[in-house]
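Hi,

Here is the structure I promised to send over. Have a look at it first, and then read my notes below.

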Amino acid sequence: MLEKFRETQFYKSIFRGGGVPKSRRQRMMVVLNSVFLHLHPVRLPKHAVKLKFTWCMGGLSFFIFLILTISGILLMFYYRPTIEYAYTDIIDLAEQVPFGIMREVHRWGAHAMVITVWLHMFRVFMTGSYKPPREFNWAVGVILLLLTLLLSFTGYLLPWDQLAIWAITVGSNMARATPFFGHEGPGAALLAIGDINFITMGSDARFALIGGRFMGEAALLRFYVLHCIGLPFIIMIFMAVHFWRIRKDGGISTPV
Amino acid sequence: MESFKHIIDTISNPTILFTSTLIIFFFIFPINDWFDKWNRRLKLYVLWSKKSMLLAAILMAAFFLFGLTDPDFRSIVLKPDNVPISGLIFLVYFFTWLSMHQAYENDARLERGESIDERYEAPNDKVLVWPDLVYIEFISLILCSAFLLVWSIGLQAPIEEPANPTESPNPAKAPWYFLGLQEMLVYFDPWMAGVVLPSLIIVGLIAIPYIDNEPAGSGYYSFKNRKLSIALFMFGWLVLWDMLIIVGTVLRGPNWNFFGPFEYWDIHKLEALTNINLSEFIYIKWMNTGLPNNILLREIWGIFLLLGYFLILPPLLARTMCKKIYERLGSFKYSIFIVLILIALTLPIKMYLRWMFNMKYIISIPEYFFNF
């Protein structure tokens with residue numbers, strides 16, 4: 001049955017080449033012909049498939065990112081980023097939605113991604129894989145680490161419960177002390193003409209971050225937009241560069 | 001049992017915990033030949049044998065299970081958002097072991113003149129992505145999804161009372177991965193702990209491959225020829241990042257006071273501490289004159305100290321301890337390297353100044369929000 005199905009025009013039109021890849025040539029063509037698989041090279045040094053060497057952490061980070069994207073989209077169906085509804089929508093996610101564990105998948109997935117990204121970086125360091133010619137890709141990876149943390153941080157506010165707003169309050173209060181651009185930061189007083197300060201509570205870095213003097217509606221909306229659109233957009237660009245450069249810099253690192 | 005808990009509570013005090021870690025650390029991850037000699041003499045490398053790993057894993061798990069019998073330990077460790085940290089502790093230990101185990105193995109092989117696993121001869125030693133890599137990826141994806149699903153069904157995501165901006169919890173903590181930074185707030189003002197130091201962590205990480213830029217030693221686990229870079233990275237990652245996160249999460253309770261893992265979070269625990277600035281030390285305690293009104297005059301000692309630290313120490317080190325590094329890197333890269341290291345070292349330095357002299361700020365100009 002299956003064999004016959006593979007011979008149909010329909011199957012062949014989807015999977016170029018068709019048939020089960022048996023010969024060496026066919027197996028190479030599978031990778032070359034697939035838009036997803038061709039992220040990979042066709043052949044690899046043998047240590048590149050050893051878990052002992054790779055720990056699989058980079059791949060898992062990407063996979064968890066995909067899980068987070070999908071579960072995040074599902075969550076967006078139910079969640080409204082306003083002070084009135086945010087909290088009750090989160091409660092409803094667990095109580096009204098059948099088998100409502102999407103928020104759990106999203107939250108634990110986010111924690112897991114932070115850990116896998118750290119461990120991936122740790123592995124890359126321990127194998128010396130940041131050394132030339134891969135130094136720029138290491139820098140891209142550092143930016144990806146930062147973006148992962150920011151994504152997790154912006155998502156932390158969205159449930160709009162005590163845990164959320166106070167964790168973000170602690171974090172965003174730091175912005176108040178930014179040198180020059182925070183109204184309680186060193187040097188902010190220098191940005192003034194006469195008695196008129198440019199950097200005040202209503203115009204400093206913290207104000208830009210949370211959209212107001214206090215944690216409120218504007219902060220929730222800002223973090224929501226950053227979390228769902230802004231940061232994912234940026235991180236995907238950096239991810240594309242990251243994966244591209246792995247291949248261009250010679251694939252997985254090997255001893256010289 | 002109670003006395004055991006008491007001992008654990010006592011030694012997890014940051015002063016003892018950090019000091020003992022500081023003393024042991026560079027013997028375990030020798031930073032130069034001198035430490036390496038002692039590492040070999042004390043046979044500390046047995047830590048990376050399979051037996052040690054099993055033993056340590058069992059001990060850690062046993063301690064964990066024992067801890068769970070204690071209500072105070074349980075309440076902090078089983079807090080839903082703290083569960084990832086427990087996982088992190090085991091994972092970080094395991095992967096530290098795994099990398100060091102392979103590093104020592106590879107070093108030994110190379111010493112004997114044998115080849116290492118990662119050495120390959122193209123094109124004979126190449127494998128095909130389909131099926132050799134694809135099936136590994138497929139299995140890890142399934143395992144990872146299953147793991148996430150089980151975790152999600154078993155443990156509910158935390159939700160507390162609706163947000164109330166007028167009622168702040170005590171302690172108010174940032175998300176767990178930033179708690180190392182929040183812990184630094186004890187020793188630094190927000191502009192350092194929350195803005196400058198995190199930015200420098202990012203800059204420092206990006207700078208790594210431009211400072212340690214010899215292609216040798218890439219592509220396989222090794223230690224012998226990378227002692228300095230690995231020891232420094234390990235110190236930053238294990239001690240200054242992971243350990244501070246654990247301290248910030250598990251050992252800091254109401255009012256950011258220290259609490260042992262088996263200690264009840266008593267909101268009324270008092271720690272009478274009057275921290276004083278360097279200027280107060282000099283003018284009030286030693287010279288008995290009172291603080292001068294002129295800010296510059298008041299803080300001149302701290303400013304001199306800091307200028308000396310960042311301007312005089314680097315060239316001094318370049319001629320003595322760091323001579324080899326200086327010769328290898330050249331003056332530009334060396335300056336960046338040494339300044340980053342010196343800034344990182346201000347954290348332990350400020351910790352000890354605080355613990356030993358109750359020192360608050362070296363330079364304190366609250367008039368311009370400049371406290372260091």
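Let me begin with how chain B is put together. Among its contacts with a separation of 6 or more, 67% are between residues 24 or more positions apart. Keep in mind as you read that this is a predicted model. Chain B has 13 helices and 3 strands, and its C-alpha atoms fill a box of roughly 80 × 55 × 40 Å along the principal axes. Of the 372 residues in chain B, 26% are buried.

The domain assignment divides chain B into domain 1 (2-119 + 173-256), domain 2 (122-157) and domain 3 (278-371). Between the C-alpha centres of domain 2 and domain 3 of chain B there are 49 Å.

**The bent helix**

Go to helix H13 of chain B, residues 323-357. If this helix of 35 residues were straight, it would span 51 Å at 1.5 Å a residue, but its end C-alpha atoms are only 33 Å apart. Where is the kink in H13(B) centred? Put Gly330(B) in the middle of your screen: the kink there is about 120°.

Several residues of H13(B) are buried, namely Tyr326(B), Leu329(B), Tyr334(B), Phe337(B), Ile338(B) and Lys350(B). The cover over the buried residues of H13(B) includes helix H9 (190-211) and helix H12 (295-319) of chain B.

Just after H13(B) comes Asn358(B), with a positive phi of about 55°. Asn358(B) has this positive value although it is a residue other than glycine, and its place is in the loop between H13 and strand S2 (364-365) of chain B. Is Asn358(B) buried or exposed? Exposed, because the cut-off for that is 12 or fewer C-beta atoms within 10 Å, and Asn358(B) has 12 such neighbours.

**Where the two chains meet**

How many residues does each chain put into the contact? Chain B gives 76 residues and chain A gives 84 residues. On the side of chain B that touches chain A, at least two residues each come from helix H6 (83-111), strand S1 (126-128), helix H7 (129-154), H9 and helix H10 (227-250) of chain B. H7(B) gives the most, with 13 residues. By type, the residues on this side of chain B are 48 nonpolar, 14 polar and 14 charged.

There is also strand pairing across the two chains. Strand S1 of chain A (residues 43-45) and S1(B) run antiparallel and are joined by 3 bridges. If you want a residue to click on, Arg43(A) stands opposite Leu128(B) in S1(B).

Arg43(A) is also a useful marker for the domains of chain A, whose assignment gives domain 1 (1-43) and domain 2 (44-248). The centres of domain 1 and domain 2 of chain A, taken over C-alpha atoms, are separated by 38 Å.

**Two cis prolines in chain B**

The peptide bond from Trp130(B) to Pro131(B) is cis, with omega near 10°. Pro131(B) has its place in helix H7 of chain B, the helix that gives the most to the side of chain B that touches chain A.

Another cis peptide bond joins Asn170(B) and Pro171(B), where omega is about 0°. Pro171(B), for its part, is found in the loop between H7 and helix H8 (179-184) of chain B.

**Back to chain A**

Phe180(A) is a residue other than glycine with a positive phi, near 70°. You will find Phe180(A) in the loop between helix H9 (162-173) and strand S2 (192-193) of chain A. Phe180(A) counts as partly exposed because 16 other C-beta atoms lie within 10 Å.

Last stop: Arg24(A), in helix H3 (residues 24-33) of chain A. Arg24(A) counts as exposed, because it has 10 C-beta neighbours inside 10 Å. How far apart in space are Arg24(A) and Ile14(A), which are 10 residues apart in sequence? They are 21 Å apart, C-alpha to C-alpha.

Cheers

Technical notes. Residues are numbered from 1 along each chain as its sequence is written. Chains are lettered from A and ligands numbered from 1 in the order in which they are written. This is a predicted model: local features need pLDDT of at least 70, side-chain atom pairs count only at pLDDT 80 or more; totals for chains, interfaces and linings use all residues. Helices (H or I, at least four residues) and strands (E, at least two) are DSSP runs, numbered from the N terminus. The expected span of a helix is 1.5 Å times one less than its number of residues. The bend at a residue is the angle between axes fitted to the seven residues ending there and the seven starting there. A residue is buried if 20 or more other C-beta atoms lie within 10 Å of its own, exposed if 12 or fewer, and partly exposed in between; C-beta atoms are placed from the backbone. Two residues are in contact if their C-beta atoms, placed from the backbone, lie within 7 Å. Domain bounds come from an automatic or database domain assignment. Ala, Val, Leu, Ile, Met, Phe, Trp, Tyr, Cys and Pro count as nonpolar, Asp, Glu, Lys and Arg as charged, and the others, Gly among them, as polar. Two strands pair if DSSP finds at least two bridges between them.
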